[in-house]
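Trainee: I am new to this structure. Could you walk me through it?

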Amino acid sequence: MTFDPLAVPSTPACAAALEVATAYCSPALLNHSVRAYVWAAAYGTAQGMAFDPELLYVGAMFHDIALVPEFDNHTLGFDDASGHVAWVFAAAAGWPVARRQRLVEVVLAHMLSEVDPHADPEGHLLERSTSMDVSGRHMDDFSGAFKSEVLQRYPRAGLAEEFLACFRDQAQRKPGSSPAASLRDNIAERILTNQLDA
């Protein structure tokens, strides 16, 4: 059977992760989370990488969850806080401790500048896919037709402005956080000129 990156992995944990993300995320942030999985799964499949679709999907659903007010942490950056939320979710889903820790690693990896695909294939894929979806890196990974299909199914819905506002809020309140570092590295311009919003 051919792997379809547009299809959600059919496990109870994936269904529950989508339910949680849908309950708490804005339409723009929810669609971004789904696209993060789609871009990652499609790229990994095209490259012949061995990866865990369930782990990748749950990581994608939770990688930005702490940008929403209900899970915002007054001291931790959103990526660290999102990792904690993901760990709690995975514990409730009955995942063993080692798998919960892997989920946290995947969530944290999405804010790194580069992730070793051999050491952490899911983290590598999520870092690559979120970089593309937010700041327009790796735009040549996919054909125009595939990108159009994904965007039609999961529209941007004003992601750039919403995401940048979240990052600026995080940076102002938590100057040592990864959003603050990203803004110092001029991510704002890359977000606002992402070709996916053209």
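What follows is a set of short questions and answers on cysteines, salt bridges, the nonpolar core and one helix.

Trainee: What kind of model is this?

Mentor: Residues are numbered from 1 along each chain as its sequence is written, and side-chain values use heavy atoms, with hydrogens and water left out. Local features need pLDDT of at least 70, side-chain atom pairs count only at pLDDT 80 or more, totals for chains, interfaces and linings use all residues, and the model is predicted.

Trainee: How many disulfides does a search of the whole structure find?

Mentor: A disulfide is a pair of cysteine sulfur atoms within 2.5 Å. Cys-25 is in none, and the nearest cysteine sulfur, in Cys-166, lies 9.9 Å away. That is too far for a bond. The count of disulfides is zero.

Trainee: Is Cys-166 buried or exposed?

Mentor: Buried means under 20% relative accessible area, exposed over 50%, and partly exposed in between (1.4 Å probe, protein chains only). Cys-25, at 10%, is buried. Cys-166 has a relative accessible area of 18%, so Cys-166 is buried.

Trainee: How many salt bridges does the structure hold?

Mentor: A salt bridge is a side-chain nitrogen of Lys or Arg within 4 Å of a carboxyl oxygen of Asp or Glu. One of them joins Asp-72 and Lys-174, at 2.8 Å from N to O. The structure holds 15.

Trainee: How many residues apart are Asp-72 and Lys-174?

Mentor: Helices here are DSSP runs (H or I, at least four residues), strands likewise (E, at least two), numbered from the N terminus. Asp-72 sits in the loop between α3 (53–62) and α4 (78–92). Lys-174 sits in the loop between α8 (159–173) and α9 (178–184). The pair links distant parts of the chain, and the separation is 102 residues.

Trainee: Which of the two is buried?

Mentor: Asp-72 has 28% relative accessibility, so Asp-72 counts as partly exposed. The buried partner, at 4%, is Lys-174.

Trainee: Which helix holds both Glu-149 and Arg-153?

Mentor: Their side chains meet in a salt bridge, 3.9 Å from N to O. Glu-149 is partly exposed at 36%, and Arg-153 is partly exposed at 44%. They lie four residues apart, about one turn, in helix α7 (residues 144–153).

Trainee: Which residues are linked with Arg-156 in a network of salt bridges?

Mentor: Start with Asp-197, whose closest N and O atoms to Arg-156 are 2.9 Å apart. This pair is 41 residues apart: Asp-197 follows α10 (187–192), while Arg-156 is in the loop between α7 and α8. Asp-197 is partly exposed at 35%, whereas Arg-156 is buried at 8%. Linked with Arg-156 in the network are Arg-35, Asp-133 and Asp-197.

Trainee: Which helix gives the largest share of the largest nonpolar core?

Mentor: A nonpolar core is a set of buried Ala, Val, Leu, Ile, Met, Phe, Trp, Tyr and Cys residues joined through side-chain atoms within 4.5 Å. The largest has 61 residues, and Val-38, Trp-39 and Leu-56 are among those that touch the most other members. Twelve of the core residues come from one helix, α2 (residues 27–46).

Trainee: How many residues of α6 are buried?

Mentor: Helix α6 (residues 121–135) reaches 21 Å from its first C-alpha to its last, close to the 21 Å expected (1.5 Å times one less than its number of residues). Next comes Gly-136, with a positive phi near 80 degrees. The helix is mostly covered, and the buried count is 15 of 15.
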